[in-house]
Each structure stands twice: as structure tokens, then as C-alpha cells.
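Biologist: I would like a close look at one part of this model, namely the empty space inside it and the elements that surround that space. Please take it step by step, and keep the account connected.

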Amino acid sequence: MKLYWGKMSPFARKVTVTAHETGTIERIELIPTSVDMAKANPEVQRDNPLSKVPTLVLDDGSALYDSRTICEYLASLDPTSSLFPSGPERWDALRRQSLGDGIMDTLILWRQERLKPDERKTIAWMDTFADKIAAALVLLDREARRIAELPFDIGHAAIGSALGYLDVRFEDLDWRASAPHLAQWHASFEARPSAVATHPFNLP
Ligand SMILES: N[C@@H](CCC(=O)N[C@@H](CS)C(=O)NCC(=O)O)C(=O)O
């Protein structure tokens with residue numbers, strides 16, 4: 001299998017964390033790929049019309065996207081995986097995955113806005129992005145002790161990757177100051193072998 005991937009992409013990190021957790025990483029060739037919202041990448045677009053990373057190309061040439069679908073596929077290759085629990089726990093894990101993914105989506109849009117020259121920034125959007133991230137951190141800090149007690153699942157992979165992206169692209173936010181319990185859980189996430197192997201600062 002080959003994975004269009006970028007080391008700074010939090011969605012790609014969620015997928016590679018999942019690949020390590022499911023023991024499928026050795027079966028995946030990582031293809032470092034640049035994507036730009038302003039211009040589709042023709043190589044990726046051959047396999048994914050939306051030209052996004054992550055995109056997984058299977059050995060039969062068919063492609064899977066987006067990160068949720070890829071993670072579920074990788075988990076299906078590991079019969080021992082509990083990344084996608086069954087029963088009532090499933091919905092909580094999927095909700096936490098959606099929250100992590102939503103944080104990533106919001107941060108990516110926010111970063112695009114922050115990179116614009118001041119006269120082109122839309123202040124109302126920036127304020128709303130900041131408000132949504134603050135609200136997500138409040139919720140996650142409240143849930144952090146319970147999250148820490150659960151077996152590692154796809155929600156942990158998504159939230160851990162989203163917070164890792166906050167660390168590398170929004171260093172100025174100091175999110176730990178407002179979310180100390182979450183910060184404690186995140187330290188345990190970043191210490192996992194799957195997280196160490198996929199942290200952008202540990203990659204060439
Ligand atoms: N919902 C998608 C989001 C993926 C995504 O937004 N990837 C970004 C990089 S982090 C991207 O490819 N951006 C290029 C673009 O939007 O054209 C997923 O879960 O995989």
C-alpha cells in the first residue's frame with residue numbers, strides 16, 4: 001500500500017499512529033506529498049479527486065480516503081485491534097474522533113487566516129476559530145481523566161494528533177495553561193511508541 005502523506009498534516013499523523021498501533025506500518029510506503037488548498041496536486045488527484053492527504057492507495061490500485069475511512073480499513077487488517085470498539089463504547093470513541101478531526105479542521109482554517117496579511121484577515125472568523133478551539137479544550141479538559149482511563153482507541157489517536165498540531169503550529173497559544181488535565185493525558189499520548197514515531201519533529 002502507499003500513503004500520500006505529509007509530516008505536518010495532523011490527519012496523516014492520525015493515520016500513521018493508527019498504522020503503528022495496528023502493526024500495519026511496515027506494509028505502507030509513505031509518499032511525502034505537498035498539498036495546497038489553492039492548487040490541486042495532480043499526482044494525488046489521480047487517486048483522490050479532492051487532492052488531500054492522507055490518501056491510501058491499496059495494492060490493487062484502488063484508493064481510500066479520508067482519514068476516518070483509512071483508519072477503519074487499517075484496523076480491519078488487525079483482528080486484535082480495539083481501536084474501533086464495539087457496543088456502546090463505539091459511539092463515544094467515534095464522537096471523540098469527530099471532535100479531534102473537527103479541531104484539526106478548525107486549526108487548519110485558522111492557520112490559513114493567520115498567514116494572510118493583516119488587511120486580508122477576516123477578524124470575525126479568527127475570533128470564531130479561537131472561540132471553538134477554547135470550547136473544545138474546556139470540554140476535553142473536563143473529560144481528560146476519563147479519557148486517560150479508557151483503552152487507547154481512535155478517539156485518542158485523533159485528539160492526540162490534533163493537540164500535537166496545536167503544539168507545532170500554534171506554539172503561541174499555550175493551550176496547556178487552560179487545560180492542565182488534558183495536558184497530563186497528552187503527555188502520556190506523546191510518550192506512546194506510535195506517537196514518538198510520528199511526531200513531526202522526530203521525522204526527517
Ligand atoms: N477530512 C479529511 C481532511 C484532510 C485534510 O484536510 N488534509 C489537508 C492537509 S492536513 C489537505 O490535504 N489539504 C489540501 C486541500 O485541502 O486541498 C481527512 O480526514 O483526511
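Biologist: How are helix 3 and helix 4 oriented to each other: roughly parallel, roughly antiparallel, roughly perpendicular or oblique?

Modeller: The model is a predicted one, and what follows is computed from its atoms. Helix 3 and helix 4 pack with their axes 12 Å apart and at an angle of about 140°. An angle over 145 degrees would count as roughly antiparallel, and the value here does not reach that cut-off, so helix 3 and helix 4 are oblique to each other. Their crossing is right-handed.

This pair also leads to the largest pocket, since helix 3 (67-76) and helix 4 (88-114) each supply at least two residues of its lining, as do helix 1 (10-21) and helix 6 (154-169). Among the contributors, helix 4 provides the largest share of that lining, with 6 residues. The space in the largest pocket comes to about 970 Å³. Its lining is made up of 31 residues, of which Val35, Met37, Lys52, Val53 and Ile108 are the closest to the centre of the pocket. By class, the lining of the largest pocket has 15 nonpolar, 7 polar and 9 charged residues. As for its place in the fold, the largest pocket lies between domain 1 (2-81) and domain 2 (88-196), because both domains give residues to its lining.

Two of the residues just named lead on to the backbone. Val53, one of those closest to the centre of the largest pocket, is joined to Pro54 by a cis peptide bond, with omega about 0°. Pro54 itself lies in the loop between helix 2 (42-45) and strand 3 (55-57). That loop between helix 2 and strand 3 also holds Ser51, a residue other than glycine whose phi is positive, near 55°. Lys52, for its part, is again among the residues closest to the centre of the largest pocket. A second cis peptide bond runs from Tyr65 to Asp66, and its omega is near 0°. Asp66 is placed in the loop between strand 4 (63-64) and helix 3, and helix 3 is one of the helices that supply at least two residues of the lining of the largest pocket. As background to these backbone features, most peptide bonds are trans and most residues other than glycine have a negative phi.

The packing of helix 6 can be followed in two directions, starting with helix 4. Helix 4 and helix 6 have axes 7 Å apart and pack at an angle of about 20°, which makes helix 4 roughly parallel to helix 6. The crossing of helix 4 and helix 6 is left-handed. Helix 1 and helix 6, on the other hand, pack at an angle of about 140°, with 9 Å between their axes, and helix 1 and helix 6 are therefore oblique to each other. The crossing of helix 1 and helix 6 is right-handed.

The pair of helix 1 and helix 6 returns when one turns from the pocket to the cavities, of which the structure holds 2 with a volume of 30 Å³ or more. The largest cavity has a volume of about 50 Å³, and the elements that give two or more residues to its lining are helix 1 and helix 6. Helix 6 gives the most to that lining, with 4 residues. Lys7, Met8, Ser9, Pro10, Arg13, Ser161, Gly164, Tyr165, Val168 and Pro200 line the largest cavity, and by class they divide into 5 nonpolar, 3 polar and 2 charged residues. Domain 1 (2-81) and domain 2 (88-196) each contribute at least three residues to the lining of the largest cavity.

The second largest cavity holds about 30 Å³ of space. Its lining consists of Trp5, Gly6, Lys7, Ser9, Ala12, Arg13, Thr16, Thr198 and Leu203, with 3 nonpolar, 4 polar and 2 charged residues. Here helix 1 gives the most, with 3 residues. Lys7, Ser9 and Arg13 appear in the lining of the second largest cavity and also in that of the largest cavity.

Note on methods: Residues are numbered from 1 along each chain as its sequence is written. This is a predicted model: local features need pLDDT of at least 70, side-chain atom pairs count only at pLDDT 80 or more; totals for chains, interfaces and linings use all residues. Side-chain values use heavy atoms; hydrogens and water are left out. On a 1 Å grid over the protein atoms alone, a cavity is a set of points where a 1.4 Å probe fits but cannot get out, and a pocket is an open set with protein on both sides within 12 Å along at least five of seven lines; lining residues have an atom within 4 Å of a point. Grid points are joined across faces, edges and corners, and a volume is the space filled by probe spheres set on the points. Ala, Val, Leu, Ile, Met, Phe, Trp, Tyr, Cys and Pro count as nonpolar, Asp, Glu, Lys and Arg as charged, and the others, Gly among them, as polar. Domain bounds come from an automatic or database domain assignment. Axes are lines fitted to C-alpha atoms, for helices over the stretch in contact, and angles run from 0 to 180 degrees between N-to-C directions. Angles under 35 degrees count as roughly parallel, over 145 as roughly antiparallel, 65 to 115 as roughly perpendicular and the rest as oblique. A crossing is left-handed if the near helix is turned anticlockwise from the far one by less than a right angle, and right-handed if clockwise.
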